[in-house]
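Thank you for making the time this morning. I would like to walk you through a structure that will be new to most of you, so please have a look at it before I go on.

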Amino acid sequence: MRKPFLITPVVRLRRAVSTWWTSRTTAAARLGLDRGMSTAEYAVGTIAACGFAALLFKVVTSSEVQEMLTTLVNRALNTAG
């Protein structure tokens, strides 16, 4: 007579986790879900942020904007004191 094969709790847990992970990744792939940004998306986002910073720097350092900011600050200081 053959002894019944006993499955240990560790083996059961390993099988349960494996089954859960497989079903989870399969469902995500089926739905087309992405988690987070890829390296290319980070690169594009960084380039866009740098471009926006350069544009903002150019605008703030232009003579018209500097004159406007100087006038604003002078007016605020004269009003206060």
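Let me begin at the surface, where there is a nonpolar patch to which helix 2 and helix 3, the latter covering residues 63-80, each supply at least two residues. The patch is made by Phe52, Leu55, Leu56, Val59, Val60, Leu69 and Leu72, and together these residues give it an area of about 660 Å². Helix 2 provides the largest share of the nonpolar patch, with 5 residues.

One of the residues in the patch is Val60, which is found in helix 2. Is Val60 buried, exposed or partly exposed? Its relative accessibility is 39%, and because the partly exposed class runs between 20% and 50%, Val60 counts as partly exposed.

Stepping back to the overall fold, I should say clearly that what you see is a predicted model. The protein has 3 helices and 0 strands, so that, if you read along the sequence, you meet the pattern α-α-α. Of its 81 residues, 1% count as buried, and the accessible surface of the protein comes to about 8000 Å², with 67% of that surface belonging to carbon and sulfur atoms.

As for how far the predictor trusts the model, the average pLDDT of the protein is 80, and 79% of the residues score at least 70. Where is confidence lowest, and where is it highest? It is lowest in helix 1, residues 9-31, where the mean is 77, whereas helix 2, residues 39-60, has the highest value, at 90.

My last point concerns aromatic side chains, since the structure holds 1 aromatic pair. That pair is formed by Trp20 and Trp21, whose rings lie 5.9 Å apart from centre to centre, with 45° between the planes, an arrangement that is classed as tilted. Both Trp20 and Trp21 are exposed.

Notes: Residues are numbered from 1 along each chain as its sequence is written. Side-chain values use heavy atoms; hydrogens and water are left out. Rings of Phe, Tyr and Trp (its six-membered ring) pair if their centres lie within 6.5 Å; planes under 30 degrees apart count as stacked, over 60 as edge-to-face and the rest as tilted. Buried means under 20% relative accessible area, exposed over 50%, partly exposed in between (1.4 Å probe, protein chains only). pLDDT is the predictor's confidence in each residue, from 0 to 100. Helices (H or I, at least four residues) and strands (E, at least two) are DSSP runs, numbered from the N terminus. Patches are made of residues with over 30% relative accessible area and no salt bridge: like charges are joined within 9 Å, nonpolar side chains (Val, Leu, Ile, Met, Phe, Trp, Tyr) within 5 Å. Accessible areas come from the Shrake-Rupley method with a 1.4 Å probe; for residues, only the protein chains shown count as cover. A salt bridge is a side-chain nitrogen of Lys or Arg within 4 Å of a carboxyl oxygen of Asp or Glu.
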